[in-house]
Amino acid sequence: MNEVVLALSSGTLGVLAGTIVTLVGSYFQQRWSFSKQLQERQEQARVDLVREIMRWRLEQDQLVLRLNELPLLFGYDAETMRLYRALISAKDGAEGSRVLGDLVTHVAKLVGLDGGVQPSDISTGFHISTS
């Protein structure tokens with residue numbers, strides 16, 4: 001009789017321990033998965049922002065909205081913030097174009113895009129002509 005009780009209590013302890021280990025493992029796996037998804041969304045937002053800056057570089061109203069997001073998405077990078085502040089304090093359009101080109105090149109490299117943008121690429125572009 002004691003052997004049966006001992007076997008049942010050992011089995012119960014094993015099930016209880018297995019349940020606890022499963023719950024703890026599931027919790028940590030869920031936290032890791034959430035963290036990974038958040039990181040991927042942040043990386044995609046950075047890539048999208050760089051593309052949006054290039055897309056709207058000739059439309060000041062749209063460009064300003066995108067540039068205002070730089071500190072939020074790239075605030076961790078000192079060089080980005082230096083260039084961002086230099087762009088804000090640019091004295092004229094030529095300096096602003098040069099700094100914007102440097103800024104786009106830098107953030108493009110940070111997100112893994114080809115960073116070969118030059119100031120002339122920023123100040124010129126295609127336009128839709130209405131004739």
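Let me start with a term. A residue counts as buried when its relative accessible area is under 20%, as exposed when that area is over 50%, and as partly exposed in between. Keep that in mind. Also keep in mind that this is a predicted model.

Now, a case for that cut-off. Is Glu52 buried or exposed? Its relative accessibility is 18%, so Glu52 counts as buried. Its partner is Arg55. The two form a salt bridge, and the closest N and O atoms are 2.2 Å apart. Arg55 has 46% relative accessibility, so Arg55 counts as partly exposed. Both sit in helix H1, three residues apart, which means about one helical turn separates them. Here is the background. Side chains of opposite charge can pair when their charged atoms come close. And an α-helix has 3.6 residues a turn, so residues three or four places apart point the same way.

This pair has company. Glu52, Arg55 and Arg66 are linked in a network of salt bridges. Arg66 is one of the buried residues of H2, along with Leu63 and Leu67. Seen down the axis of H2, these buried residues fall within an arc of 95°, so they line one face of the helix.

How many salt bridges does a search of the whole structure find? Four. Let me show you two more. In helix H4, Arg82 pairs with Glu79, with the closest N and O atoms 2.7 Å apart. They are three residues apart, so about one helical turn lies between them. Arg82 is partly exposed at 47%. Glu79 is partly exposed too, at 32%. In helix H5, Arg98 pairs with Asp102, and here the closest N and O atoms are 3.3 Å apart. These two are four residues apart, about one turn of the helix. Arg98 has a relative accessible area of 40%, so Arg98 is partly exposed. Asp102 comes in at 33% and is also partly exposed.

Stay with H4 for a moment. This helix covers residues 78-88, and Thr80, Met81, Leu83, Tyr84 and Leu87 are buried in it. Why are they on the same side of H4? Because they cover an arc of only 165° around the axis. Turn to the face away from that buried side, and you meet the exposed residues Ala78 and Arg85. What covers the buried residues? The cover includes helix H2 (60-67), helix H3 (70-74) and helix H5 (93-111).

Back to helix H1, this time for the surface. Leu13, Leu16, Ile20, Val24, Tyr27 and Phe28 form a nonpolar patch there, with about 630 Å² of accessible area together. Take three of its members. Ile20 is found in helix H1 and is partly exposed, at 47%. Tyr27 is partly exposed as well, with a relative accessible area of 45%. Phe28 lies in helix H1, residues 2-55, and is exposed, at 54%.

Tyr27 and Phe28 have another link. The whole structure holds two aromatic pairs by our search. In one of them, the ring centres of Tyr27 and Phe28 are 5.3 Å apart and the planes stand at 75°, so the pair is edge-to-face. The cut-off behind that word is over 60 degrees between the planes.

One last distance. Ile20 and Leu73 are 53 residues apart in sequence, and 39 Å apart in space, C-alpha to C-alpha.

Conventions. Residues are numbered from 1 along each chain as its sequence is written. This is a predicted model: local features need pLDDT of at least 70, side-chain atom pairs count only at pLDDT 80 or more; totals for chains, interfaces and linings use all residues. Side-chain values use heavy atoms; hydrogens and water are left out. Patches are made of residues with over 30% relative accessible area and no salt bridge: like charges are joined within 9 Å, nonpolar side chains (Val, Leu, Ile, Met, Phe, Trp, Tyr) within 5 Å. Accessible areas come from the Shrake-Rupley method with a 1.4 Å probe; for residues, only the protein chains shown count as cover. A salt bridge is a side-chain nitrogen of Lys or Arg within 4 Å of a carboxyl oxygen of Asp or Glu. Buried means under 20% relative accessible area, exposed over 50%, partly exposed in between (1.4 Å probe, protein chains only). The arc is that of the directions from the helix axis to the C-beta atoms. Contact means heavy atoms within 4.5 Å. Rings of Phe, Tyr and Trp (its six-membered ring) pair if their centres lie within 6.5 Å; planes under 30 degrees apart count as stacked, over 60 as edge-to-face and the rest as tilted.
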